[in-house]
Amino acid sequence: MPSWSRETRGSLPHLTDGYKWRKYGEKRVKELDHPRSYYRCTVPGCPARKTVEISSTGTNGVLERYKDDHNHDKPQVDKTKAKSPAKP
């Protein structure tokens, strides 16, 4: 089971790695002020999982830990569904 992690800067709702994730849990961790969130890939049968938590290093970062690789390609962005600017 390959696993790896990365620390990124940004706000939680806007983090993206190109895959679609479904949150399936959240857990309070003693050492952290914020909960750890658990996600799995939305593609049926894909073993990829990740955890996301606020970094404890004080850098306003987010720590993402990945477990297992995706067994499919990244989803293509559907440009027809992209938001268009609001009309006055």
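K50 touches D17, W21, S37, Y38, Y39, E64, R65 and Y66, leaving aside residues up to four places away in sequence. This lysine lies in strand β4, which covers residues 49-54, and K50 is buried, with a relative accessible area of 7%. The model described here is predicted. The protein has five strands and zero helices, and the points below move from the setting of K50 to the strands, the cysteines, the aromatic rings and two further residues.

**The surroundings of K50**

- The side chain of K50 makes a polar contact of 3.2 Å with the side chain of E64.
- E64 also appears among the residues that K50 touches, and in β5 E64 is the bridge partner of V52.
- The charged end of K50 sits over the ring of Y39, 5.8 Å from the centre of that ring.
- Y39 is likewise one of the residues in contact with K50.
- Is K50 buried or exposed? K50 counts as buried because its relative accessible area of 7% falls under the 20% limit.

**E53, a second charged residue in β4**

- E53 lies in strand β4, the strand that also holds K50.
- E53 is buried, with a relative accessible area of 7%.
- Which side chains make polar contacts with the side chain of E53? One is that of R36, at 2.5 Å, and another is that of R65, at 3.3 Å.
- Not counting residues up to four places away in sequence, E53 touches L32, P35, R36, V62, L63 and R65.
- R65 therefore appears in two contact lists, that of E53 and that of K50.

**Strands and overall arrangement**

- Read along the sequence, the pattern of the protein is β-β-β-β-β.
- Strands β3 and β4 pair in the antiparallel sense over four bridges; in β4, T51 is the bridge partner of Y38.
- Strands β4 and β5 also pair in the antiparallel sense, over six bridges; in β5, E64 is the bridge partner of V52.
- Strand β4 thus takes part in both of these pairings, with β3 and with β5.
- Of the 88 residues of the protein, 28% count as buried.
- Among contacts between residues at least 6 apart in sequence, 46% join residues at least 24 apart.

**Cysteines without a disulfide**

- How many disulfides does the model contain? The count comes to zero.
- The closest cysteine sulfur to that of C41 belongs to C46, 3.8 Å away. A disulfide requires the two sulfur atoms to lie within 2.5 Å, so this distance is too far for a bond.
- Seen from C46, the closest cysteine sulfur is that of C41, again at 3.8 Å and too far for a bond.
- C41 is buried at 6% relative accessibility, and C46 is buried at 8%.

**Aromatic rings**

- The model has two aromatic pairs. In one of them, Y24 and Y38 are tilted, with 6.2 Å from centre to centre and 50° between the planes.
- This pair links distant parts of the chain: Y24 is in strand β2 (residues 21-27) and Y38 is in strand β3 (residues 36-41), 14 residues apart.
- Y24 is partly exposed, with a relative accessible area of 37%, whereas Y38 is buried at 18%.
- R40 lies over the face of Y24, at 4.0 Å from the ring centre.
- Y38 has further partners, for Y38 is in contact with K50 and forms a bridge with T51 in β4.

**The loop residue Y19**

- Y19 is found in the loop between β1 (3-9) and β2.
- Leaving aside neighbours within four places in sequence, Y19 is in contact with H70, H72, D73, K74 and P75.
- The C-alpha atoms of Y19 and C41 are separated by 7.2 Å, although these residues are 22 residues apart along the chain.

**The backbone at D68**

- Most residues other than glycine have a negative phi.
- D68 has a positive phi of about 70° although it is not a glycine.
- Where is D68 found? D68 is in the segment after β5 (61-67).
- D68 is buried, with a relative accessible area of 19%.

Key:
Residues are numbered from 1 along each chain as its sequence is written. This is a predicted model: local features need pLDDT of at least 70, side-chain atom pairs count only at pLDDT 80 or more; totals for chains, interfaces and linings use all residues. Side-chain values use heavy atoms; hydrogens and water are left out. Helices (H or I, at least four residues) and strands (E, at least two) are DSSP runs, numbered from the N terminus. Buried means under 20% relative accessible area, exposed over 50%, partly exposed in between (1.4 Å probe, protein chains only). A polar contact is a pair of N or O atoms within 3.5 Å; within protein, one must be able to donate a hydrogen and the other to accept it, and residues adjacent in sequence count only if both atoms are side-chain atoms. Contact means heavy atoms within 4.5 Å. Rings of Phe, Tyr and Trp (its six-membered ring) pair if their centres lie within 6.5 Å; planes under 30 degrees apart count as stacked, over 60 as edge-to-face and the rest as tilted. A charge sits over a ring if NZ of Lys or CZ of Arg is within 6 Å of the ring centre and within 35 degrees of the ring normal. Two strands pair if DSSP finds at least two bridges between them.
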